[in-house]
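Let's take a walk through this model, looking at how some of its helices pack and what sits between them. Have the structure open and follow along.

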Amino acid sequence: MSQMIDPISSEIFERKPYLQNYFKNFVSDHKWELASAKKEGEYYVSLDGNPLSSSFSPLTQAIRLLETYSLKATDIVILFGLGNPHLLTNVNEKLNPGQIVIFVGEEETLVPILWDSFLKPILQVPGRHLFSGELFFPLFFNYLESLPIDRVSGLKIIRNPTDTNRNPIYKELEDKTQTVFSAKMSDLLTKFEFERLWIKNSVYNLVHAENSPPIKFPISFLRDKFKGLTAVLVSAGPSLRKNLSWLQEVRDKVFILSCDTSLKVLIKAGIKADGVVTLDAQTNSFFHFMGESLREIPLFADLVSSPTLLREPMFQTVVHSVTAKYQVDAEGSLVREVTAGGELAEHVFQDVGDIQSGGSVATTAFDMLRFMGFGSVYFLGQDLAYSGREIHSTGTHHNEKWLTLVSRKNSLERINEVIIRKRETRFVPSCSGNEVLTDYVLDLYRHWFEESATSVKEMSLWNVNEDGAEIVGIPSLSPKAAKDKLTSVPNHHYPWRDHPIWSGILAKDKVFAGRNEGKGLTKGFDTKKNKQNRNDRETITTQGTIPKSGEGLFQKIKTDLTFIESKLNVFEMETSDTSFQDSEIWIWMQSESYLRRLIRKTEIYLLRHKDLDLKRKNQILIQSIRKEIRYLKRSLYPMMDSFPEKG
C-alpha cells in the first residue's frame with residue numbers, strides 16, 4: 001500500500017481515480033514477478049517462472065520491435081501485453097506528451113508489481129493510460145468510445161509477442177478495438193460529408209415545426225407509453241419476403257414499426273404498418289414513399305431528415321426526435337453528444353426526445369421502440385448480410401429501380417452481384433449455423449445490435465430469421481417458433497390509434513398552461529432540459545412546441561449570421577498578426593455549436609497541418625466560415641416568406 005501514499009502516486013490517482021483500484025489486493029492464480037535480466041539495469045516480467053520477454057536484454061528487444069513501427073504524432077497508440085517493461089518505457093519516450101498511448105495487460109495483480117519502477121513515471125505524462133485485467137476492460141472500451149477522434153489520423157497497435165501469442169484474450173481485445181475505432185472513423189467521415197446538410201435540414205424542420213400539414217409531434221409524447229406490449233421491427237433484408245406470412249398471422253398481437261426501405265414491401269403484402277422510420281437527410285428517401293397512400297401511418301423522422309419529404313401532405317403526422325449519443329468519458333462523467341443541428345431543438349420543442357443510433361434506420365428504429373417502452377421486440381428482415389447474394393428484399397424501391405435495367409444481358413442477379421463485388425465483403429456466422437456473406441458497414445451495424453442487446457436486459461429480443469447473419473445476444477427463431485412464442489400474447493386492439501399522433505386530432509385547447517405540466521399529452525416532460533427562461537415557456541402547444549418558436553429561431557439564426565459577418569470584416573481590417581482562433585468572435589462561436597460544426601472539417605484540417613503559417617491559417621478559416629454562411633443563407637432565404645419583416 002506504500003505506493004498509494006507517496007506524492008506522485010497521489011497526484012496520478014487524483015487525475016485517474018480508477019487506478020487506485022489496482023491496489024485492492026487482488027488474488028491471482030498465477031505468480032507474477034519483475035525479474036532482473038542478465039544485462040545490468042534491465043528487467044523482464046515472468047509468469048509462473050517463465051519470462052515474457054528476453055531474459056538477456058529486454059531493452060534491446062524493445063528497441064528492435066519499435067523500429068518496425070512508424071508512429072506519427074497524430075496516431076493513437078495501443079500496446080498489448082506488459083511482459084516487457086522496457087517496451088512501455090520506450091513507447092512513452094518515443095511519443096509526445098499529450099499523445100494518446102494506452103497500455104493493456106491481462107491481470108490486475110501485475111500493476112502493483114510494475115508500479116514504482118515503470119508505470120508511475122509513465123503515467124505522470126499527459127495522455128498515458130493503463131487498463132489491465134478483466135474488470136478494467138469495460139473501462140478501456142468506454143475510454144475508446146469517448147476519445148476525440150477528430151484529431152487522430154490512425155490507430156497503431158503494438159504487441160509484445162510473448163504475451164499476445166500466449167493469451168487469446170489479446171486477440172479478442174484487438175478485434176473489438178479495431179471495430180470500435182473503425183466505427184468512430186466511419187462516424188467522423190459521415191460527419192464530414194453530411195454535417196452541414198444535417199444543420200440545414202434541422203434548421204428548416206424546426207422553423208416549420210408549428211406549420212401543418214403534416215402535424216409535428218416530439219417522440220417524448222410516447223416515452224414509455226407501450227410498456228408490456230410486443231413490437232416487430234421490419235427491415236428490408238432479402239429474407240423479408242419469405243417471412244411476410246408470419247407477420248400477417250401475428251398482426252393483431254404486435255406493433256409494427258417499418259424502416260423506410262421495407263414499407264413498400266409491407267404495403268404490397270396488404271400489411272399496414274403502425275409507424276415508419278426515416279433517417280436520411282437526402283431527398284433519395286422520398287422514393288421509398290412515393291405513390292403510396294400513407295395518411296394513417298405516422299412518420300417517425302429524425303430532425304435531420306429531408307424537408308422535401310416532411311413538408312409533403314402524404315403523411316398526416318410526423319414524430320420528431322434527435323439522435324444523441326451518451327458516453328462515459330475518461331473521468332467517469334456521462335457525456336451527451338447530439339447530432340449537428342439537434343442542439344437547436346430546445347428552442348422549439350419543450351422536450352423532443354433523444355434517440356441513440358448505430359448509423360442505420362434499423363438501429364434508430366430499435367432505440368425508438370426501447371424509448372416507447374416495448375417489452376418484447378421481434379426483428380424481421382434484419383439480415384445484415386447478402387442472404388442468397390441479394391442486397392434487399394424484392395418489392396423495395398431499389399428493386400423496382402433495378403427491374404427497369406433488366407435485359408437479356410443484364411439480369412437482376414447480375415445487378416446484385418456487380419454491387420456486392422464493389423464492397424469490402426467477408427463471411428460471418430449465419431442464423432442457420434453456416435456462413436453468410438456480409439460487408440464492412442453491415443458488420444458495424446451487427447456489432448451495434450450485439451452491444452445494444454447487452455444493455456437492454458429488460459427487453460426480450462428475437463430475430464425471426466434463418467438466412468441472415470447471427471446477432472449474438474438476439475436468439476434466432478424460425479417463423480413457426482416465433483408464432484408459437486406469441487400464442488400466449490393477447491390481441492392488442494390497437495390502443496395507440498386513439499393517440500393524436502395516429503388520429504391526427506389535437507386537443508381542443510390550443511395551449512397547455514405550465515401548471516398542467518405532467519398531465520395528458522405533456523406527461524413525461526422534463527422542463528429542466530429546456531434552457532429557456534421559464535417565463536418564455538409558460539404555454540406549450542398541444543404539439544409540444546413553444547408558441548411562435550419557429551419564427552424566433554429563424555430570427556436568431558439570421559441575427560447570428562449577420563453578427564459573424566460584421567465581426568469577420570472587423571477582424572480582417574484591424575489585425576494582421578493575431579490568430580483568428582484567439583479572437584472574440586471565435587470564442588463566441590464555441591458557444592453556438594451548430595455554427596462550430598459547420599466548419600469542423602476545416603478545423604480538423606488545421607489541427608493536422610500545424611506547419612501552416614498564421615496568415616494562411618486565418619485565411620483558410622475565414623474563407624470556410626464565409627462559405628458556410630452563404631450556404632446557410634441560401635437555406636434560410638426561402639423561409640423569409642413565412643416570416644416577413646415587420647413594418
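Start with a pair of helices: helix 5 passes helix 7 in a right-handed crossing. Keep in mind that you're looking at a predicted model. Helix 5 covers residues 137-146 and helix 7 covers residues 169-207, and the two pack at an angle of about 20° with their axes 10 Å apart. Angles under 35 degrees count as roughly parallel, so helix 5 is roughly parallel to helix 7.

Who touches whom here? On the helix 5 side you'll find F137, F140, F141, L144, E145 and S146, and they meet I169, L173, K176, T177, V180 and K184 in helix 7. Sort the residues of this contact by class and you get 7 nonpolar, 2 polar and 3 charged.

Now move along to helix 17 and helix 21. Their axes come within 11 Å and cross at roughly 155°. With the cut-off for roughly antiparallel set at over 145 degrees, helix 17 and helix 21 are therefore roughly antiparallel to each other. As for handedness, helix 17 passes helix 21 in a left-handed crossing.

The contact draws on F554, I557, L561, I564, E565, L568, N569, F571 and E572 from helix 17, while helix 21 brings N618, I622, I625, R626, I629, L632, K633 and L636. By class, that comes to 11 nonpolar, 2 polar and 4 charged residues.

Stay with these two helices, as they turn up again at a cavity. The model has 2 cavities of 30 Å³ or more, and the largest cavity has a volume of about 50 Å³. Which elements give two or more residues to the lining of the largest cavity? They are helix 17 (549-574), helix 19 (593-598) and helix 21 (614-636). Helix 21 supplies the largest share of that lining, with 4 residues.

Here is the full lining, if you'd like to click through it: L561, I564, M589, L595, L598, I599, I625, E628, I629 and L632. By class, the lining has 9 nonpolar residues, no polar ones and 1 charged. Some of these names should look familiar: L561 and I564 of helix 17, along with I625, I629 and L632 of helix 21, are among the residues that make the contact between those two helices, and they line the largest cavity as well.

Notes:
Residues numbered from 1 in each chain as written. Predicted model: local features only at pLDDT ≥ 70, side-chain atom pairs only at ≥ 80, totals over all residues. Heavy atoms only, no water. 1 Å grid on protein atoms, 1.4 Å probe; cavity = no way out; pocket = protein on both sides within 12 Å on 5 of 7 lines; lining within 4 Å. Points joined across faces, edges and corners; volume = space filled by probe spheres on them. Nonpolar A, V, L, I, M, F, W, Y, C, P; charged D, E, K, R; others polar. Axes fitted to C-alpha atoms, helices over the stretch in contact; angles between N-to-C directions. Parallel < 35°, antiparallel > 145°, perpendicular 65-115°, else oblique. Left-handed = near helix turned anticlockwise from the far one by under 90°. Contact = heavy atoms within 4.5 Å.
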